[in-house]
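Biologist: I would be grateful for a close look at a single part of this model. Please take one strand and follow its surroundings outward, ending with the place where the two chains meet.

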Number of protein chains: 2
Amino acid sequence: MNQTIEILLNHSSVRNFTDQPVSEETINTILRCAQMAPTSSFFQAYTIIRVEDPEKRQALQEFSGGQKWVTSAPLALLFCADVHRNMGILDVEDKEVFHNTESFTVSVADATFAAQKAFIAAQALGLGGVVVGGIRNNMPGIAQLFNLPDMVFPLFLLCLGYPKHKNDPKPRLPLQFICGVDQYPTIDNDQLFADYDKEILDYMHQLTQGRESFGFVDRLSFALKNKPRYEVTDFVKSKGFLKK
Amino acid sequence: MNQTIEILLNHSSVRNFTDQPVSEETINTILRCAQMAPTSSFFQAYTIIRVEDPEKRQALQEFSGGQKWVTSAPLALLFCADVHRNMGILDVEDKEVFHNTESFTVSVADATFAAQKAFIAAQALGLGGVVVGGIRNNMPGIAQLFNLPDMVFPLFLLCLGYPKHKNDPKPRLPLQFICGVDQYPTIDNDQLFADYDKEILDYMHQLTQGRESFGFVDRLSFALKNKPRYEVTDFVKSKGFLKK
């Protein structure tokens, strides 16, 4: 099969890494690939912070609820939605345009496009990794740690390294739930969904050697109950986003 | 060079397509790759609508300010941030968690991860395309056209097909503007930025055979002045997002 398609289909999160360091050449290729992501109106509205300082890694690990791969990954890239840089560069009289929902959306999308491209580049070079959104548990802490100016929003940490172990890809929702033709897809097949819920239960059961027996619904419901992250709203607004 | 890295580095938008249709097998591979994108807490908080109906394509073209590739592309995939589906499935008493900034951010990121992966899959299969954010000029129109329920936000249209012509990749900002180590990168090199502005001017001048002579600053400032899209805020809130 096409090498690239194989990489894309075989994605699964990697949280255990060998000691092999990631060379500067590899890091540079990953970052160059990230930069070549599509970007809305060419705004390039994101910033990447490479986190090397062990104390800052340790702080991020605490913010993320103790996820140990935040400190053990040889490479950790913090992707931020960034409107600040363009505010300093562009010649726009009506500064309010930077603060509306469109601007927030574009910067989150730009950062995510770049992160996905960095992730795939890393996978193409033999690395694996995981996107850690758990850092959003303490956004003021991150802003302080990295001296983030207003209008910069730390989105997630991409932890990368050479895999010690790689899980099988996790089964996604049946395509008909996700994709419609010419209209929004309506779910009218309870059995199909029940089968999927069971599929996830079996997958997680096997992955955790029986320690976890949650299906799709239970797993996601638990995640949402435990990480509502209401404080993200205050942070985002305090930094100048979503004002209009 | 690694085939995948080559694809990632050689990205540029394609807006002119040959008549060659995109086979169902190819479309299916693109969609399967999209689904294997990372997703926050496994929420899979996005929906893809494949737009085949010529009238709907025509409407989208008008919404996007007349971008002709919206109708001419053999394949058009509308990526939506989608919290609606999970609201119907998950067992969460406090429904307010779906309406906060965290939930909006996660769904935009999930949709974008999937879109980037679809785009790279397409490029790996010999297609090219462009992300059309211009559809956000008329979000109520889109919601009506595709019968979108509340808590679904149409983000962009990915137009794909076999390239008639492919431009050279557009030069990105120098890496030191985008990427810092252990702290937010501060720009203190005016000459480097001026050189980049000139690089973009030259690139656009050549690309448009002299019709356009804008540098980075002028181009982006123009885009922002002409597409502030303040009405995105009202739409997003009217659909239930960003309430908390």
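Modeller: The account below begins with strand β1 of chain A and then turns to the interface. The model is a predicted one.

Strand β1 of chain A covers residues 46–50, and five of its five residues are buried, so the strand is largely enclosed by the rest of the structure. The burial applies to both faces: A:Tyr46, A:Ile48 and A:Arg50 are buried on one side, and A:Thr47 and A:Ile49 are buried on the other.

β1(A) has pairing partners in both chains. Within chain A, five bridges connect β1(A) in the antiparallel sense to strand β2, residues 75–82. In that pairing, A:Ile49 is placed opposite A:Leu78 of β2(A). In chain B, the partner is strand β5, residues 179–181, which runs parallel to β1(A) and is joined to it by three bridges. Here A:Ile48 stands opposite B:Cys179.

The reciprocal arrangement also appears in the model. Strand β5 of chain A (residues 179–181) and strand β1 of chain B (residues 46–50) run parallel and are joined by three bridges. A:Cys179 has B:Ile48 as its bridge partner in β1(B).

The charged residue of the strand deserves separate treatment. A:Arg50 has a relative accessible area of 12% and is therefore buried, the limit being under 20%. Its side chain meets that of A:Glu24 in a salt bridge, with an N to O distance of 2.7 Å. A:Glu24 belongs to helix α2 of chain A (residues 24–35) whereas A:Arg50 belongs to β1, so this pair ties together parts that are 26 residues apart in sequence.

In chain B, a salt bridge links B:Glu24 and B:Arg50, whose closest N and O atoms are 2.7 Å apart. This pair links distant parts of the chain, with B:Glu24 in helix α2 of chain B and B:Arg50 in strand β1 of chain B, 26 residues apart. B:Arg50 also forms a salt bridge with B:Glu52, at 3.0 Å between the closest N and O atoms. B:Arg50 counts as buried at 13% relative accessibility, while B:Glu52, at 36%, counts as partly exposed. In chain A, salt bridges with shared partners join A:Glu24, A:Arg50 and A:Glu52 into one network. Over all chains, the search finds 16 salt bridges.

The loops that adjoin these strands contain two residues with unusual backbone signs for their type. B:Phe42 lies in the loop between α2 (24–35) and β1 of chain B. B:Phe42 has a positive phi of about 65 degrees although it is not a glycine, and its relative accessible area of 5% makes it buried. A:Asp182 is located in the loop between β5 and α9 (190–207) of chain A. A:Asp182, likewise not a glycine, has a positive phi of about 65 degrees, and it counts as buried at 15% relative accessibility.

The strand pairing across the chains belongs to a wider interface. In total, 108 residues of chain A are in contact with 108 residues of chain B. The buried area between the two chains is about 9500 Å², and carbon and sulfur atoms give 66% of it. On the chain A side, A:Phe42, A:Asp182 and A:Tyr184 lose the most area to chain B, together 9% of what that side buries.

Polar and charged groups also take part. The interface has 57 residue pairs in polar contact, both residues being at pLDDT 80 or more. Helix α6 of chain A (residues 101–124) gives the largest share of the chain A side that touches chain B, 16 residues. By class, that side holds 64 nonpolar, 24 polar and 20 charged residues.

Four salt bridges are found across the interface, including one between the side chains of A:Arg136 and B:Glu102, at 2.8 Å from N to O. In chain A, A:Glu102 is part of helix α6 and is buried, with a relative accessible area of 5%. Apart from its neighbours within four places in sequence, A:Glu102 is in contact with B:Arg136, B:Pro228, B:Arg229 and B:Val232.

A last residue shows a contact with helix α11 of chain B (residues 231–238), where B:Val236 lies. B:Val236 is buried at a relative accessible area of 1%. Leaving aside its neighbours within four places in sequence, B:Val236 is in contact with A:Thr101 of the other chain, and with B:Phe104, B:Phe153, B:Phe241 and B:Leu242.

Terms used:
Residues are numbered from 1 along each chain as its sequence is written. Chains are lettered from A and ligands numbered from 1 in the order in which they are written. This is a predicted model: local features need pLDDT of at least 70, side-chain atom pairs count only at pLDDT 80 or more; totals for chains, interfaces and linings use all residues. Side-chain values use heavy atoms; hydrogens and water are left out. Contact means heavy atoms within 4.5 Å. Buried area is the accessible area (1.4 Å probe) that two parts lose on being put together, summed over both. A polar contact is a pair of N or O atoms within 3.5 Å; within protein, one must be able to donate a hydrogen and the other to accept it, and residues adjacent in sequence count only if both atoms are side-chain atoms. Helices (H or I, at least four residues) and strands (E, at least two) are DSSP runs, numbered from the N terminus. Ala, Val, Leu, Ile, Met, Phe, Trp, Tyr, Cys and Pro count as nonpolar, Asp, Glu, Lys and Arg as charged, and the others, Gly among them, as polar. Two strands pair if DSSP finds at least two bridges between them. Buried means under 20% relative accessible area, exposed over 50%, partly exposed in between (1.4 Å probe, protein chains only).
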